[in-house]
Amino acid sequence: IWNKNATDESFVPKNSQSSWWANYTNGTEVDKMLNQAVKSYTDQNSVSASWDQMFKYFNEQHGKGSKGYTKGEKIYIKINITNSASGIKKTANFDRMDATPELVLSLLKQLIEEVGVSQSDIYVGDPFRTFHDLYWNKCHSVYPDVVYCHGRKESATEGRHQTVPSKDAVMFFSDKKLQYKIPQEYIDSEYLINMPCLKTHNEGAITLGAKNHQGSILRP
């Protein structure tokens, strides 16, 4: 979905404090875009009916029958905030694109207000990166009981939830040479939503959705 009103097309960065993330995205228009996307994807007339159809299809494909979301099931939203690794307030590397805060908030809004997921049953974050204030301020101010995950130890004093690695390795590569732990929060969730940044990488050109899960592998 593309909407020319979602961003300021005349915006020109003047310094390091006026980058893409500095309030130049229109959250109302982003809401409209996500609404249009999910309804178009499922050919439904409402956002709630669209999500119900997606949950039912997913559960059918996983042998759980044609059932929608069940209250109490946990959902992990994996976002890409790899450039926020320097600290919760620092803006180093923020000239590089990460997840759009307004889109993260829009997705939370749909799950909580349209699907009826309890805030406390939603994890969102990039497991071993920093859940930067840019995202915290945007999302926590609206949905304070969502579990905002990151990998830094200062989480206990800053309200974030520090990622817990699985006790054992559960990810095994096909050549049998490598095995890794993943976030315990993934294991505890019934659903995992992958929200990648559709951007280029030096090594792999357009990497789309798979690249986002590089941040799902936990290692020392």
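Mentor: A salt bridge is a side-chain nitrogen of Lys or Arg within 4 Å of a carboxyl oxygen of Asp or Glu. This is a predicted model, where local features need pLDDT of at least 70, side-chain atom pairs count only at pLDDT 80 or more, and totals for chains, interfaces and linings use all residues. Residues are numbered from 1 along each chain as its sequence is written, and side-chain values use heavy atoms, without hydrogens and water.

Trainee: How many salt bridges does the count come to by this rule?
Mentor: Side chains of opposite charge can pair when their charged atoms come close. One of the pairs here is Glu29 with Lys32, at 3.2 Å from N to O. By the rule, the number of salt bridges is nine.

Trainee: Which helix holds both Glu29 and Lys32?
Mentor: Helices (H or I, at least four residues) and strands (E, at least two) are DSSP runs, numbered from the N terminus. Glu29 and Lys32 are three residues apart, so about one helical turn separates them. The helix that holds them both is H1.

Trainee: Is Lys32 buried, partly exposed or exposed?
Mentor: Buried means under 20% relative accessible area, exposed over 50%, and partly exposed in between (1.4 Å probe, protein chains only). Its partner Glu29 has 12% relative accessibility and therefore counts as buried. Lys32 has a relative accessible area of 46%, which means that Lys32 is partly exposed.

Trainee: Where in the chain is Asp126, the salt-bridge partner of Lys78?
Mentor: The side chains of Lys78 and Asp126 meet at 3.1 Å, N to O. The pair links distant parts of the chain, 48 residues apart, with Lys78 in strand E1. Both residues are buried. Asp126 lies in the loop between strand E2 (122-125) and helix H4 (133-140).

Trainee: With which residue does Asp133 form a salt bridge?
Mentor: Asp133 sits in helix H4, and its partner is 27 residues away, in the loop between helix H5 (155-158) and E4. Asp133 is buried at a relative accessible area of 12%, and the partner is buried at 5%. The closest N and O atoms are 2.6 Å apart, and the partner is Arg160.

Trainee: In what order do the five strands of the open sheet stand?
Mentor: Strands of a sheet pair through backbone hydrogen bonds, either parallel or antiparallel. Two strands count as paired if DSSP finds at least two bridges between them. In this sheet the pairing is parallel. The edge strands, each paired on one side only, are E4 (161-162) and E7 (191-195), and the order is E4-E3-E2-E1-E7.

Trainee: Which residue in E7 stands opposite Ile77?
Mentor: Strand E1 covers residues 75-79 and runs parallel to E7. Five bridges join the two strands. Opposite Ile77 in E7 stands Ile193.

Trainee: How many disulfides does the structure hold?
Mentor: A disulfide is a pair of cysteine sulfur atoms within 2.5 Å. The sulfur of Cys139 has its closest cysteine sulfur in Cys149, 13 Å away, so the two are too far apart for a bond. Cys149 likewise is in no disulfide, its nearest cysteine sulfur being that of Cys139. The number of disulfides is zero.

Trainee: What is the relative accessibility of Cys149?
Mentor: Cys139 is buried, with a relative accessible area of 0%. Cys149 also counts as buried, and its relative accessibility is 0%.
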